[in-house]
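Biologist: I should be grateful for a close look at a single part of this model. Please place that part in its wider setting and give the cut-offs behind each term.

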Amino acid sequence: MYKYLVLFYGFVLLPMLLQGQKNTTCAEAIPLDGNVPITGPLKSILTADSPVFSSDCFDNSKPNYGQWYTFRTNFVGQLGFHIKSEDNIQWGFALFKASDCDNLGAPIRCAAGSDMANNDYAGIGQHPLEGSKADNYVSWLRTTANQTYYLWIGTNMAQNKGFSLQFYGQLFLDHPEEPFDSSLITNLLGSPIIACEGKEVVLNALEAEAQSYAWSVDLGEGNLSLPETKGKLLVLESGVYAVVADGVESSVQVQFVPKAKEIDFLPDMVQCEIPKSDGLAVFDLGQMDRAVLGRQQEKNFRVSYHNSLVDAQLGKNPLPKFSYQNVNPYGETIYVRKASAFQQFCPFEISSFELVVVDTPEFDIAEKVGLCAGKSVRLGDAEGSSLYTYAWSTGETSPTIEVSKSGIYEVVVSNIVGEANCSISMNVEVEVYYPPVLTDVEIQSQGSSNSLLVQMKQHGAYLYSLDGEVYQEEPEFFDVESGAYTLHIKDENGCGTLTENIVVAQFLSVFTPNGDGINDFWHLKGIERLNSPIVYVFDRYGKLLTKMDRDSPGWDGNYEGMQLPESDYWFRLEYLASNGNKAEAKYLGSHFSLRR
């Protein structure tokens, strides 16, 4: 009972293929009604006006090498086929529904071919390994009874080793004995045969009703005469067999293909969970092929994977082979089928294995952490898990670590099950915040307007205020009136505060006591708002020259009635702070110049 029809390339060079390149048309189509092994490479070239080029699937600007076939369906049914490259090149096809080779019309199905280096199949119906998701397959063919079809399979690669072609579908399941019309075959010995190894094949030439039969075989090294003289021949090995019956010669190709051997035990396939997917993972089922095949050659078998035993037994609904996402959370049973790549009637083998999804650790920690100088902070998962391993960039292996320095700390959390190492890596940036340390307050005066620029020892996230109520991020204040203030500085991360008493006052940086009535006296302006202010003036050696209160008209540049020379002089301002204690104004410019 034959459910598949196969054309196989790669065993013997038939005479028709030894003639070199030649043009071909559908008039030379090879009729099909059974399992037909045909050799390669293919050298026949389509003529430029071939109807094959009427579609977008083939480009007539390049030679197209291949073969025409024809078949006639006996029944209505669903039909598909697989084209499998023998040497990883692209094969395309064009299928015509026509009873007359001279009037093919446009193809009813065609494909430009697939990149066989990445995907071995193209055809009609469903990819045997990838199912309906493959993009190099076109829709199923719905056949009609007593309908003739013409099929071209070709490539633009002159150097090729051919391909295998396998028909399949409901048509073969419903009518396994004769889905195609065998009357198209006129050869005495019938159509070429593919048989499973160990199966007896008997060639029958009795239809010739001859008086004598002379049998021979070509095993690839020339014809050898066989001792059989009757009309039937038992065949046990691959070759091209011929018979001469009363002077009439007929030949047929017989190919024996390996049958699937029992599949050894298959291990579980373990994969890491897609993060936060609740037990889903993506599996490359094709990694199991080698274990399924054992010592058998990959080119001779088709390995497919299925969700159910029934699908595996019927060879239906194969799963995406190289990128399958499990349906059942955390795992499921996969059924694998190993069947002949050339004949479905050969015995197949089925086994199963488990998909196991390993949890990928979920480990949520802040990407950035701050701490106050002199303090420490604990990073990591406080609860931890005995199932996971932890590897910190510090060398520690505990779920949490305690740090007190700025830097980037990396942790790799792993869940190791068998050969599956499911890990996540995260970085935590730790920033140390320092308490505010004041280095200077620059007081600038422009006319009656004053500005303050607060300078800190280090950069930080500080807030500034002159009244302790309204804070600002900028360290500069504008339009500040003269007087005493308490500068408030705080770290916005809560790492310390600072208060500093400052006095804002104006003074001449240069005064000229020459009696012209302009800048003849030097004094601080704005100290009238202070409590009991006293201004002390010194020379460069620290000698006290004068002291002034708020009511003083200012210093005239004399000491004990004598004019002092041009030079720089220093001053100090003292006053009573709000707490009643004597205070010194720290940040006023401390010196000025006398010019005469």
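Modeller: The account below begins with the whole chain, turns to the disulfides, and ends with a few individual residues.

The model is predicted, so local features need pLDDT of at least 70 and side-chain atom pairs count only at pLDDT 80 or more, while totals for chains, interfaces and linings use all residues. Residues are numbered from 1 along each chain as its sequence is written, and side-chain values use heavy atoms, with hydrogens and water left out.

The protein chain contains three helices and 47 strands; these are DSSP runs numbered from the N terminus, with helices (H or I) of at least four residues and strands (E) of at least two. Its C-alpha atoms occupy a box of roughly 160 × 60 × 45 Å along the principal axes. The radius of gyration is 48 Å, whereas a compact globule of 596 residues would have a value near 25 Å. That radius is taken over C-alpha atoms, and the globule rule is 2.2 Å times the number of residues to the power 0.38.

Buried residues make up 46% of the 596 in the protein chain. Here buried means under 20% relative accessible area, exposed means over 50%, and partly exposed lies in between (1.4 Å probe, protein chains only). The accessible surface is about 30000 Å², with 47% of this area belonging to carbon and sulfur atoms. The areas come from the Shrake-Rupley method with a 1.4 Å probe, and for residues only the protein chains shown count as cover. Among contacts in the protein chain with a separation of 6 or more, 65% join residues 24 or more positions apart; a contact means heavy atoms within 4.5 Å.

I now come to the part chosen for the close look. In general, a disulfide is a covalent bond between the sulfur atoms of two cysteines. In this model the term is applied to a pair of cysteine sulfur atoms within 2.5 Å, and the structure holds five such pairs. With bonded cysteines counted along the chain, their pattern is 1-3, 2-4, 5-7, 6-9, 8-10. Three of the links are described here.

One disulfide is formed by C26 and C101, whose sulfur atoms are 1.7 Å apart. The link of C26 and C101 is right-handed, with 100 degrees about the S-S bond. C26 sits in the loop between strand 2 (22-24) and strand 3 (30-31) and C101 in the loop between strand 8 (92-97) and strand 9 (109-111), so this pair ties together parts 75 residues apart in sequence. C26 is buried, at a relative accessible area of 7%, and C101 is buried too, at 15%.

Another disulfide joins C272 to C422, with an S to S distance of 2.1 Å. Its torsion about the S-S bond is about -95 degrees, so the disulfide of C272 and C422 is left-handed. This pair also links distant parts of the chain, 150 residues apart: C272 belongs to strand 22 (residues 269-272) and C422 to strand 33 (residues 420-433). C422 is buried, with 0% relative accessibility.

A further disulfide is made by C372 and C495, whose sulfur atoms lie 1.8 Å apart. The torsion about the S-S bond of C372 and C495 is about -80 degrees, so this disulfide is left-handed. Because C372 is in strand 28 (residues 368-372) and C495 in the loop between strand 38 (483-491) and strand 39 (497-504), the pair ties together parts that are 123 residues apart in sequence. C372 is partly exposed at 22% relative accessible area, whereas C495 is buried at 7%.

Some individual residues complete the picture. V454 is found in strand 35 (residues 449-456) and is buried, with a relative accessible area of 5%. Residues up to four places away in sequence aside, V454 touches L438, D440, Y464, P475, F477, L487 and I489. The C-alpha atom of V454 is 79 Å from that of G92, which is 362 residues away along the chain.

Q147 belongs to strand 13 (residues 147-155) and is buried at 14% relative accessible area. With residues up to four places away in sequence left out, the contacts of Q147 are F71, R72, T73, K97, A98 and S99.

Finally, D479 has a positive phi, near 55 degrees, although this residue is other than glycine. D479 is placed in the loop between strand 37 (476-477) and strand 38, and D479 is exposed, at 64% relative accessibility.
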